[in-house]
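Visitor: Before we look, could you walk me through how the descriptive terms used for this model are justified?

Guide: Gladly; let us take the terms in turn.

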2 protein chains.
Amino acid sequence: MKHHTLLMPLDMHLHLRDGIMLENIALLSAYSFSGALVMPNLVPPVRSKEELLAYKARISQAVGMEAADEDEFEEIGEFSDNGGFEPYMTLFYQNYDKVFLAEIAEEITAIKLYPAGITTNSEGGVKNFDLNEMRPTLEAMAELNIPLCVHGETDGFVMDREAEFMNIYDALATNFPKLKIIMEHITTKAAVEMLDKHPNLFATITVHHLLMTLDDVAGGMLKPHLFCKPIAKRPQDRDALLQIALNAHPKVMFGSDSAPHPRDKKESCGCAAGIFTAPIALQLLCELFDKHGKLENLQAFVSDNAQSIYSLCPEFKEVILAKRPFKVPEDYKGVVPMYAGETIGWAIEDVN
Amino acid sequence: MKHHTLLMPLDMHLHLRDGIMLENIALLSAYSFSGALVMPNLVPPVRSKEELLAYKARISQAVGMEAADEDEFEEIGEFSDNGGFEPYMTLFYQNYDKVFLAEIAEEITAIKLYPAGITTNSEGGVKNFDLNEMRPTLEAMAELNIPLCVHGETDGFVMDREAEFMNIYDALATNFPKLKIIMEHITTKAAVEMLDKHPNLFATITVHHLLMTLDDVAGGMLKPHLFCKPIAKRPQDRDALLQIALNAHPKVMFGSDSAPHPRDKKESCGCAAGIFTAPIALQLLCELFDKHGKLENLQAFVSDNAQSIYSLCPEFKEVILAKRPFKVPEDYKGVVPMYAGETIGWAIEDVN
């Protein structure tokens, strides 16, 4: 049986939510990842040191808990002695003063910017991109070496939102050349082409955007569990993403954007955006990179690039995957994962 | 209060289904329409005279039945003495011989062609458009003056399927100049532009494609009750449709494509395609045409054009609509309509 080992996998875009959902799903990421960049779009969003530290403590508690039912983890491998998990914390972008940023810089890995109302719990985001208004905050961030992560969509037509946002990336990157800007969960050829235009632009890519186009969401039956923002785009967009991910372009990192919602919020008359991939992301990536003969590049895509872009030193963790059928569970405590009930080609064999 | 009267409204593309669904929903169309072109995509599809006549009998029975609960109709107006309802029958396209067609011509209003697998119950449709293979059937139809209704989508990328089909319309219209071809439920600027290229091309337009773009289906929450095939397209496509509908282009008719599914087939992990608009279509059209100052053209769009294209003489029916708030029911016997629970600006006042 073919095996592949990944060292210190990192998920550089993760929604862990809060409360019972956090308790239910955090361990699934902690099991197979060394760390994850945790998104701050709670209700209310994470905007103060107190909120940040309290959220981090809740995550640590959720991750430190024993699995209530160890059987649940059998399907994804043994759950024991699997090393630590570092939640890399983020603040919700607003205009912050430099004193505050200097004080909190040690506690955060990035600040995440949402345009107002563009996705789940983003109502308090940026309403217009007035760079003069944003300048003190962004210059302080650049000086303190705090990267800016951006959900890059306008409020335009759903298939054009990301491409339309390229002007804003262009303006941000030009005006703040010392600021590290991460284009989060890119989905278009336009974003791939933008990546090399500025040395300070980077990107995360999800596993689902490497696998899907809009056809998978709405081409046959409508699939709520494959609905996310940004929505999956055209085949040529997916191909452009695949090209840079499979070749582990050094400015690109894996970020799952795994976003859990209870089943009844997905299978309803108004389905919330978000695909839950955390527990199957590494298996899917192995299958995909293997299929394209690019397994040797997966380590850079799921860890090394992120370590170098964010200057991270994750604790040791070794995830051994095997090329054998793995039936994706129908749900994880009421959260339906991507490909629920389907069989994929790689499984996690062991984690050390 | 402003009123508007429509005479002999016709729905030139309607799914009445069969069995209990037929019994539950047929009356809703029969209430406000003089007649409807009934789609043949049952399981199995309607392909013989026996199947056709038996289906027509089941429809007549469903329409003749008294409403089990007259209260249900209060919200859409009095249900009494509202004239007849003619189901204009269609056959499911396959290659038929001329003798059969000549024999059945009196019983049918059109033949409906589905590309194989392109929508609900279309598995037995046309696999490739080999015009030589189709020639005897299509020539016989032209000679017998049987129109060909076409679901015009390829199996390409979901946003391109209709535009890609234009070549096939072009070839059909060119090769069979005496055949009346109806481009069903058109959704794109490309189809609007095709309409005037051939004198033998006509089109139906739904009310939902006049109101929606993909943004309404997937731009905010994902809305299963607004998911249909062909999927709603871009704003410029919707604008092109609006332009010809509001001006009652003489080659264009209203066809609701109203397609009922039980709620659990819509709000599920794989949502079936189809929007249920039959009971609210006239109200929505009045609101839309009124808003654009084009109420005087609605009569042509919902009846006169169809009468002339299909040479129909529907029985007298007068539908009086009033400009007053109408709250769309949450469901009609378990079938969720478009805009369920929302209030629209026009209501049916009376039907004579």
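Guide: This is a predicted model, and in it the buried residues of helix α5 of chain B are B:M134, B:T137, B:L138, B:A140 and B:M141.

Visitor: What makes these residues of α5(B) count as buried?

Guide: A residue is called buried if 20 or more other C-beta atoms lie within 10 Å of its own, and B:M134, B:T137, B:L138, B:A140 and B:M141 are therefore the residues of α5(B) that meet this cut-off. What covers them includes α4 (98-104), β5 (110-113) and β6 (148-150) of chain B.

Visitor: How do you know that the span of helix α5 of chain B agrees with its number of residues?

Guide: At 1.5 Å a residue, the 13 residues of α5(B), 131-143, should span 18 Å, and the end C-alpha atoms are 17 Å apart, which agrees. The helix nevertheless bends by about 30° at B:T137, a residue that is also among the buried ones, and α5(B) is followed by B:N145, whose phi is positive, near 60°.

Visitor: Why is α1(B) called roughly perpendicular to α2(B)?

Guide: Helix α1 (residues 19-32) and helix α2 (residues 49-64) of chain B pack at an angle of about 70°, with their axes 8 Å apart. Angles of 65 to 115 degrees count as roughly perpendicular, so the term applies to α1(B) and α2(B). The contact is made by B:L22, B:E23, B:A26, B:L27 and B:A30 of α1(B) together with B:R58, B:I59, B:A62 and B:V63 of α2(B); by class, this contact has seven nonpolar, no polar and two charged residues.

Terms used:
Residues are numbered from 1 along each chain as its sequence is written. Chains are lettered from A and ligands numbered from 1 in the order in which they are written. This is a predicted model: local features need pLDDT of at least 70, side-chain atom pairs count only at pLDDT 80 or more; totals for chains, interfaces and linings use all residues. Axes are lines fitted to C-alpha atoms, for helices over the stretch in contact, and angles run from 0 to 180 degrees between N-to-C directions. Helices (H or I, at least four residues) and strands (E, at least two) are DSSP runs, numbered from the N terminus. Angles under 35 degrees count as roughly parallel, over 145 as roughly antiparallel, 65 to 115 as roughly perpendicular and the rest as oblique. Two residues are in contact if their C-beta atoms, placed from the backbone, lie within 7 Å. Ala, Val, Leu, Ile, Met, Phe, Trp, Tyr, Cys and Pro count as nonpolar, Asp, Glu, Lys and Arg as charged, and the others, Gly among them, as polar. The expected span of a helix is 1.5 Å times one less than its number of residues. The bend at a residue is the angle between axes fitted to the seven residues ending there and the seven starting there. A residue is buried if 20 or more other C-beta atoms lie within 10 Å of its own, exposed if 12 or fewer, and partly exposed in between; C-beta atoms are placed from the backbone.
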